[in-house]
Amino acid sequence: MESPSLPMTAKDWTTTSLHRVFAMQGGEDDLSYVNNSDSQALAITLSKPILISTLESIKLFSDQTSPIRITDLGCATGANTFTTVDTVVETLQRRYTAVYGGGGSPEFEAFFCDLPSNDFNMLFKLLAQKQKVDSPAKYFAGGVAGSFYDRLFPRGTIHVAVSLSALHWLSQIPEKVLEKGSRTWNKGKTWIEGAKKEVVEAYAEQSDKDLDDFMSCRKEEMVKGGVLFVLMAGRPSGSSSQFGDQDTRAKHPFTTTMEQAWQDLIDEGLIDEETRDGFNIPAYMRSPEEVAGGIDRCGGFKIEKIELMKIVEYSDEKQEEWKKDPVSYGRARTNLVQAAIRPMVDAYLGPELSHELFKRYENRVSTNQEFLHITCFYGVVVFSAIRI
């Protein structure tokens, strides 16, 4: 069959094009990131003690006449970014009050940063609602549209930089993976789990370059003594897989069921294999050693803490509830994956075929009874570092 006329082709997945369409699902409906980020919220909650401990251990910034500047790099939308910025502000306010008394705390600025395709309108709508409740507001807020793999701020102006569930997203699909017919062509798949060694190595190379760029930019932007706190999807040390166990490998939203849904479109004649093979999810889960290596290569930072955490996909109570209603589980699982990659799939396939893909995905999840009896864990690498 002839390849369909698509809004984007494999060759379009350059950095510029990907940045134009890559974002978490906006709005506040059932598919939105706002309503499908519970696992990210749990990861933030579990890692919060590391952030607080680091903020409590640093030397306070001495110039109280200038604001303390905080940025969330890859902020998306919703409560997760606000919760973390609140934690930073409240922790530092307590320290300044303890040292200098009630009038000693400086003012705070918070910059919410993400790609231009992010739903900043929803972000600031939710922030305005929050600040009415918090009144008076804890900080002055602004938005910065751009990639955190580039410089976003003047040299030496950021005191605390955080990045939450964002740095596992790459700046682009590795160019080698888009070379049709080469050993690095990711034929038959849309992600790297279970892919050929050469494909995984191409992703690892891109991951190293991106991490180097991220760290180098923060090195320039941050003040001496500032705190960098990052939480990203990760994998266990020594694992050749992106995951640590077979249940997670089978059940993760990007793996088996997603590949089956793409194959359904091929089998039904809606797309051809080349179309499927041209789409790749730009995500790579680093090990703690890969993260530490990137920090060391950059220099200028002292690692305070780095560890891998395991986040369960949902509670035992929720699992028992879904066993009684597999259709509801399939819908919830599909909403979760759409919140992460629907804008990208829409841009690649077009909205109609994208809708068909996720319909097949939902049907497969709803009818797979095994999924209701196994648990998926999300690995996250967390680190805090001081700018030296």
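In the predicted model described here, Val227 is placed in strand β5, which spans residues 222–233. The relative accessible area of Val227 is 0%, and because buried means under 20%, this residue counts as buried. When neighbours within four places in sequence are set aside, the residues in contact with Val227 are Thr54, Leu55, Ile58, His159, Val160, Ala161, Met222, Ala385 and Ile386. One of these contacts, Ile58, illustrates how the fold joins separate parts of the chain: Val227 and Ile58 stand 169 residues apart in sequence, and yet their C-alpha atoms are 8.1 Å apart in space.

Strand β5 also takes part in the surroundings of helix α9, since the buried residues of this helix pack against α5, β5, β6 (301–312) and β7 (377–387). Helix α9 itself covers residues 288–298, and its buried residues are Pro288, Glu290, Val291, Ala292, Gly294, Ile295 and Cys298. In general, an α-helix has 3.6 residues a turn, so residues three or four places apart point the same way. After α9 comes Gly299, which has a positive phi near 75°.

A positive phi is also found at two residues that are not glycine. Most residues other than glycine have a negative phi. Ala76, however, has a positive phi of about 55°, and this residue is located in the loop that runs between β1 (68–73) and α3 (79–100). Ala76 is buried, with a relative accessible area of 4%. Ser165 likewise has a positive phi of about 55° although it is not a glycine, and its place is in the loop between β4 (158–164) and α5 (197–221). At 17% relative accessibility, Ser165 falls under the 20% limit and therefore counts as buried.

Two lysines were examined for their surroundings. Lys189 belongs to the loop between β4 and α5, and its relative accessibility of 17% places it among buried residues, because the limit for that class is under 20%. A polar atom of the Lys189 side chain lies 3.1 Å from the backbone oxygen of Glu193. Apart from neighbours within four places in sequence, Lys189 is in contact with Gly194, Ala195, Glu259, Arg276, Asp277, Phe279 and Asn280. Lys251, by contrast in location, is part of helix α6, residues 246–251. With a relative accessible area of 2%, Lys251 is buried. Its side chain has a polar atom 2.7 Å from the backbone oxygen of Ile374, and the contacts of Lys251 beyond four places in sequence are Glu313, Tyr314, Tyr329, Arg333, Phe371, Ile374, Thr375 and Cys376. Ile374 thus appears both in the list of contacts and as the residue whose backbone oxygen is paired with the lysine side chain.

The packing of two helices completes the description. The axes of helix α7 (residues 256–267) and helix α11 (residues 326–349) come within 14 Å of each other and cross at roughly 30°. Since angles under 35 degrees count as roughly parallel, α7 is roughly parallel to α11. The crossing of these two helices is right-handed. From α7, the contact involves Met258, Trp262 and Leu265, while α11 contributes Val337, Ile341, Tyr348 and Leu349. Sorted by character, the residues of this contact comprise 7 nonpolar, no polar and no charged.

Note on methods. Residues are numbered from 1 along each chain as its sequence is written. This is a predicted model: local features need pLDDT of at least 70, side-chain atom pairs count only at pLDDT 80 or more; totals for chains, interfaces and linings use all residues. Side-chain values use heavy atoms; hydrogens and water are left out. Helices (H or I, at least four residues) and strands (E, at least two) are DSSP runs, numbered from the N terminus. Buried means under 20% relative accessible area, exposed over 50%, partly exposed in between (1.4 Å probe, protein chains only). A polar contact is a pair of N or O atoms within 3.5 Å; within protein, one must be able to donate a hydrogen and the other to accept it, and residues adjacent in sequence count only if both atoms are side-chain atoms. Contact means heavy atoms within 4.5 Å. Axes are lines fitted to C-alpha atoms, for helices over the stretch in contact, and angles run from 0 to 180 degrees between N-to-C directions. Angles under 35 degrees count as roughly parallel, over 145 as roughly antiparallel, 65 to 115 as roughly perpendicular and the rest as oblique. A crossing is left-handed if the near helix is turned anticlockwise from the far one by less than a right angle, and right-handed if clockwise. Ala, Val, Leu, Ile, Met, Phe, Trp, Tyr, Cys and Pro count as nonpolar, Asp, Glu, Lys and Arg as charged, and the others, Gly among them, as polar.
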